[in-house]
Amino acid sequence: MTPVGQADTDSWQQVGLNSNRPKSSGPIKKGRTCKMARHDKLYTWMRYLMLLLCVILVISGFVLLGLGAWIRYGAATFVDVLGPYSSQLIYISYICIGMGSVLSFTGLIGCCGAWKENRFFIMLFFFIVTMLFVAEIIGTIFVLTYRNLVSLVVRDASKNSLMTVYMGPAATDPISTAWNTVMVKFKCCGFENSTVDFKGSVFSTTTGLNYPKTCCVNKTLADCDGITITPSLIQPQSCFGKVITVIREQSVILGSAAGCICMMELSSMILAMVLFVKLGLMRHPW
């Protein structure tokens, strides 16, 4: 005769409800495996995205290098027109070249960190990009705050160089050469008021002429003698508007590039921190 307690235990074992019987962990392991696979896939996509952003930063650095080189060499005419203030634009060109070099180097560091999964490179990349980002924000605020003042300085410096330094088409000094190039290239005369700008200038006092030959529409005409002034003979437009148009066009390009670079830097900073933490958890799990 089977005891009551033993019979109950046997009946529970028969229906598979005995608590001592090991339970199957297959679904749990499968769920964990799927979750880990999703995390690994997300991590891989984040690595590739950081690589892409770092490549864009490298390209942006080369763009800044090109912009600095253009200011220093390609836009030498506009720089020389500023006379004594030309050295300040040269400093700006050096800043662009320096920041472009640092940005390209930083992008390469980020690529190495994301590709090799190196936490040191990723953290170094984060700190350098953070400093660049803060510097660009401060520079943007400074430019927006003193934009009108800079315009006045450029205006006064350019007009002052025309009045006190410009010596005519035959002169070989940098400022005279720059003004001649601007007037011939953009088909303009003077700074704001065409021939009026030369009254009382060093050029007019020295030569006794009202305007240089570079102001003429057709420089081979006999009437282009520096004394005869007729509407059809002299270029009707002044050079200030032409120069400002070129500067504004370049400023739009520079502003757009700077905005895109800031967005790339911010995104790469966030990705760098996430990857840094993720690599730490992978190598030192709790």
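1. Start with how far to trust this. It's a predicted model, with a mean pLDDT of 75 for the chain. Of the residues, 73% reach 70 or more. Confidence varies by element: helix α1 (residues 4–14) has the lowest mean pLDDT, 48, while helix α8 (residues 202–207) has the highest, 87.

2. Go easy on the beginning of the chain. Over residues 9–31 the pLDDT stays under 50, and for that stretch the model has 4 contacts beyond four places in sequence. I wouldn't read much into how that part is drawn.

3. What is the chain built from? There are 9 helices and 0 strands, so to speak a plain α-α-α-α-α-α-α-α-α when you read along the sequence. Of the 286 residues, 33% count as buried. Take the contacts between residues at least 6 apart in sequence: 67% of them join residues at least 24 apart. The accessible surface comes to about 17,700 Å², and carbon and sulfur atoms account for 68% of that.

4. Now the record. An unreviewed UniProt entry lists residues 48–71, 91–115, 122–146 and 252–277 under "transmembrane region". How do the listed stretches look in the model? Residues 48–71 are 100% helix and 0% strand, with the end C-alpha atoms 35 Å apart. Residues 91–115 are also 100% helix and 0% strand, and there the end C-alpha atoms are 36 Å apart.

5. On to the cysteines. How many disulfides does a search of the whole structure find? The count is 3. Number the bonded cysteines in sequence order and the pairing reads 1-6, 2-3, 4-5.

6. One of the disulfides is formed by Cys188 and Cys239, whose sulfur atoms are 2.1 Å apart. The link is right-handed, with 95° about the S-S bond. Cys188 sits in the loop between α7 (174–185) and α8, and Cys239 is in helix α9 (residues 239–283), so this pair ties together parts that are 51 residues apart in sequence. Are these two cysteines buried or exposed? Cys188 is buried, and so is Cys239.

7. Cys189 is joined to Cys215, with an S to S distance of 2.1 Å. This link is right-handed too, with 80° about the S-S bond. Cys189 lies in the loop between α7 and α8, whereas Cys215 lies in the loop between α8 and α9, so the disulfide ties together parts 26 residues apart in sequence. Both cysteines are buried.

8. Cys216 and Cys224 make another pair, at 2.0 Å from S to S. Why is this disulfide called right-handed? Because the torsion about its S-S bond is about 95°. Cys216 and Cys224 are buried as well.

9. Don't overlook the cysteines without a partner. Cys111 is in no disulfide. The nearest cysteine sulfur belongs to Cys54 and is 4.6 Å away, whereas a disulfide needs the two sulfur atoms within 2.5 Å. Cys111 has 16% relative accessibility, so it counts as buried.

10. Then there's Cys262. Its sulfur is 9.4 Å from the closest cysteine sulfur, the one in Cys260, and that is too far for a bond. Is Cys262 buried or exposed? With a relative accessible area of 14%, Cys262 is buried.

Methods:
Residues numbered from 1 in each chain as written. Predicted model: local features only at pLDDT ≥ 70, side-chain atom pairs only at ≥ 80, totals over all residues. Heavy atoms only, no water. pLDDT = per-residue confidence, 0-100. Helix = DSSP H or I, 4+ residues; strand = E, 2+ residues; numbered from the N terminus. Contact = heavy atoms within 4.5 Å. UniProt positions renumbered as here; feature names shortened; annotations may be inferred. Buried < 20%, exposed > 50% of the residue type's maximum accessible area, 1.4 Å probe, protein only. Areas by Shrake-Rupley, 256 points an atom, 1.4 Å probe, with all protein chains shown as cover.
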